[in-house]
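Hi,

Here is the structure I promised to pass along. Have a look at it first, and then read on for what turned up.

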Amino acid sequence: MVEVGARAVSERHMAGVPFVGHWLIGALTVRCRLLDPAEPEQGRAMAVARKRRTSAARKRRRQRWKVGAVTGGVSIVLLVAFWSVIWPYLAGVLVLGGVVGGGWWLWRTDRFIKGGDRRWRHDEAVKAGHRTLAEVDAMTGTEFEDFVVELCRRDGCTDVRRVGGSHDNGADVLGRLPDGRSMVIQCKRYTPKSKIPSREVRDLLGSRVHFKVDVAIFVTTTYFSGPAEKFATENDVLAVHRDHLGLWNNGASLLSLGSVNGLGQGDRRHRERWKETYEQP
């Protein structure tokens, strides 16, 4: 109340009191605050509450330390007392953990080495079997068939053999794909100016029935006519034309060519360059 009265007096006479009067009113206000018994009591209550909280937290920490020390001591006593019974099991757990960890490390190392070796072998096979399309165009029919056999073996095909000849029944290569399906391949090394007609694709279908195989593949150094390509895709014949042959020769797997079957015979610009290159008189 004293402080409120002092503030009221100062506000009422602030305009007419000189500077010394202002200083006296401020000093009186501070003095009244120091004499107010409520503020020291509040400070002491807060200090006591803070001390109690600190003391309680310290007691909890000490209790946890005591429990941990007792538990650790009991564990050590039991371990020493029953060591003769426990140590075989403990040793067995350690040995088993070491065996499991070592086996996992060996398995990971083996996978890493085999993966690297597989990639290296594939890259070397691609390099060894790689030919430019100009070199492929210069091959004979038999050399082209052998070239296709090499590409099949590179991709993991098994039982691959060349059967082409005068009585080949429309088949040049027989074997099995990496997934186990049997296959028959017809190889045609034609000049890039030529087109594969529908009747030759139809003959390959007859070969598939004759040899009782699962997959028929037509590999050529040129392109298919529109009807031939449509006939091949409608009858599940894998039509490997010149563009796809280039992909296969550069490392793409034979199975991956199935996803682009019937596609990739060049866009408009590609066909124009092809005509300029191969259809000039």
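**The pocket and the sheet**

Sorted by class, the residues lining the largest pocket are seven nonpolar, two polar and four charged. Please keep in mind that this is a predicted model. In total, 13 residues line the largest pocket, and those nearest its centre are Leu177, Arg181, Val215, Leu238 and Gly258. Two elements give two or more residues each to that lining: strand S5 (215-220) and strand S7 (237-240). The volume of the largest pocket comes to about 190 Å³.

Both of those strands also belong to a sheet, so to the wider fold next.

Five strands make up an open sheet with mixed pairing, and their order is S1-S2-S3-S5-S7. At the edges sit strand S1 (158-162) and S7, each of which pairs on one side only. From one strand to the next, the twist averages 15°.

If you would like a place to start looking inside the sheet, try S3 and S5. How many bridges join strand S3 to S5? There are six, and the two strands, S3 being residues 182-188, run parallel. One pair to pick out on your screen is Gln186 and its bridge partner in S5, Phe218.

Finally, there is a helix to look at alongside the strands. Helix H9 (residues 242-249) packs on the sheet, where it touches S5 and S7. The direction of helix H9 makes about 85° with that of S7.

Happy to go through any of this with you at the screen.

Best wishes

Definitions and conventions:
Residues numbered from 1 in each chain as written. Predicted model: local features only at pLDDT ≥ 70, side-chain atom pairs only at ≥ 80, totals over all residues. Heavy atoms only, no water. 1 Å grid on protein atoms, 1.4 Å probe; cavity = no way out; pocket = protein on both sides within 12 Å on 5 of 7 lines; lining within 4 Å. Points joined across faces, edges and corners; volume = space filled by probe spheres on them. Helix = DSSP H or I, 4+ residues; strand = E, 2+ residues; numbered from the N terminus. Nonpolar A, V, L, I, M, F, W, Y, C, P; charged D, E, K, R; others polar. Pairing = 2+ DSSP bridges. Axes fitted to C-alpha atoms, helices over the stretch in contact; angles between N-to-C directions. Contact = heavy atoms within 4.5 Å.
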